[in-house]
Amino acid sequence: DAKQELSVQLQNIARTWSDQVKVGVTGRVPVVPSQLSLLPKLVFQASTGPLLGSLLNDEDDYDVIRQLFLNSGVDDAIRLLNPPFFSVSLDPENPQYSGVGLDDVSLAGDRLLLLDHHTNIFLWSGSQVAGAEHDAVRARVLSDFRGWTSGRFPAPEVMAFVEGDSMARWLVARLNPAHRDAAQQGLVGSMAGAVRSMLQTHFSPTDDDSFLQWMARIRVALPD
């Protein structure tokens with residue numbers, strides 16, 4: 001199993017190349033070397049994304065995306081593995097793109113978000129910016145990205161949806177379910193009622209590990 005092999009190799013790197021450990025309730029856990037601090041997140045995204053995760057519909061789709069990854073240049077391969085996620089300003093004349101975390105907690109109702117996963121582009125409108133007054137911004141963003149991706153093959157599929165749409169699951173499934181960390185760390189009970197209610201109702205129930213839960217399960221720690 002490729003996902004298991006990636007986890008084992010990450011564990012071996014932490015045990016072999018680092019002289020640091022963290023001590024917790026589960027015992028001593030090796031720390032990934034600081035020079036490789038980005039590697040665990042990339043392994044997590046490879047394991048949960050379209051390359052090795054359960055996002056796609058059939059084996060033919062997996063074969064296509066894996067061949068594309070293996071035969072692509074560095075920029076395209078990185079985009080497939082670590083897709084950029086942008087919050088877009090609401091200026092229809094000159095929208096600005098700011099990077100946000102590839103996490104479900106980035107899905108705020110006042111945001112217009114765009115995920116570029118190379119073969120798929122997702123435009124997500126929060127409930128507070130879903131009205132017709134922002135249609136010009138959405139049109140400009142899609143026009144920009146169609147221009148920027150005109151040389152890609154295959155041409156990316158573009159999907160646009162509003163917070164709460166059933167089709168938004170295609171985006172949500174590609175994000176780290178970081179909202180689970182708040183519950184696991186005992187933070188939900190100490191939050192104000194409105195924030196606690198948002199955490200409990202805003203995010204879809206899932207059994208998928210968050211990044212931090214996955215790190216704890218494979219017993220590898222990040223450097224401070």
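## Exercises on a predicted model

Let's start in a loop: Pro-154 sits between H5 and S7, where helices (H or I, at least four residues) and strands (E, at least two) are DSSP runs numbered from the N terminus. This is a predicted model, where local features need pLDDT of at least 70 and side-chain atom pairs count only at pLDDT 80 or more, while totals for chains, interfaces and linings use all residues. Residues are numbered from 1 along each chain as its sequence is written, and side-chain values use heavy atoms, with hydrogens and water left out.

**Exercise 1. Work out which kind of peptide bond joins Phe-153 and Pro-154.**

Step 1. Check omega: for this pair the angle is about -5 degrees.

Step 2. Name the bond: Phe-153 and Pro-154 are joined by a cis peptide bond.

**Exercise 2. Stay in that loop and decide whether Ser-150 is buried or exposed.**

Step 1. Place the residue: Ser-150 is in the loop between helix H5 (135–148) and strand S7 (157–162).

Step 2. Recall the cut-offs: buried is under 20% relative accessible area, exposed is over 50%, and partly exposed is in between (1.4 Å probe, protein chains only).

Step 3. Apply them: Ser-150 has 61% relative accessibility, so it counts as exposed.

Step 4. Look at the side chain: one of its polar atoms lies 3.1 Å from the backbone oxygen of Gly-147.

**Exercise 3. Now take another serine, Ser-125, and find what surrounds it.**

Step 1. Locate Ser-125: it belongs to strand S6 (residues 120–125).

Step 2. Check the burial: Ser-125 has a relative accessible area of 2%, so it is buried.

Step 3. List the contacts (heavy atoms within 4.5 Å). Setting aside neighbours within four places in sequence, Ser-125 touches Arg-111, Leu-112, Ala-130, Arg-138, Phe-161, Val-162 and Glu-163.

Step 4. Pick out the polar partner: the side chains of Ser-125 and Arg-138 make a polar contact at 2.9 Å. Such a contact is a pair of N or O atoms within 3.5 Å; within protein, one must be able to donate a hydrogen and the other to accept it, and residues adjacent in sequence count only if both atoms are side-chain atoms.

**Exercise 4. Two non-glycine residues have a positive phi; describe His-118 and Arg-219.**

Step 1. Read off the angles: phi is about 70 degrees for His-118 and about 60 degrees for Arg-219.

Step 2. Place them: His-118 lies in the loop between strand S5 (112–116) and S6, whereas Arg-219 is in the segment after H9.

Step 3. Check accessibility: His-118 is buried at 2%, while Arg-219 is partly exposed at 31%.

**Exercise 5. Find what the buried side of helix H2 packs against.**

Step 1. Collect the buried residues: in H2 (residues 39–48) these are Pro-40, Val-43, Phe-44, Gln-45, Ala-46 and Ser-47.

Step 2. Find their partners: they pack against helix H1 (2–17), helix H4 (74–81) and helix H9 (211–218).

Step 3. Follow one partner: Ala-77 is in H4 and is buried, with a relative accessible area of 13%. Leaving out neighbours within four places in sequence, Ala-77 contacts Phe-69 and Ser-72.

**Exercise 6. Zoom out and describe the whole protein.**

Step 1. Count the elements: there are nine helices and seven strands.

Step 2. Consider burial: 41% of the 224 residues count as buried.

Step 3. Look at the range of contacts: of those with a separation of 6 or more, 60% come from residues 24 or more positions apart.
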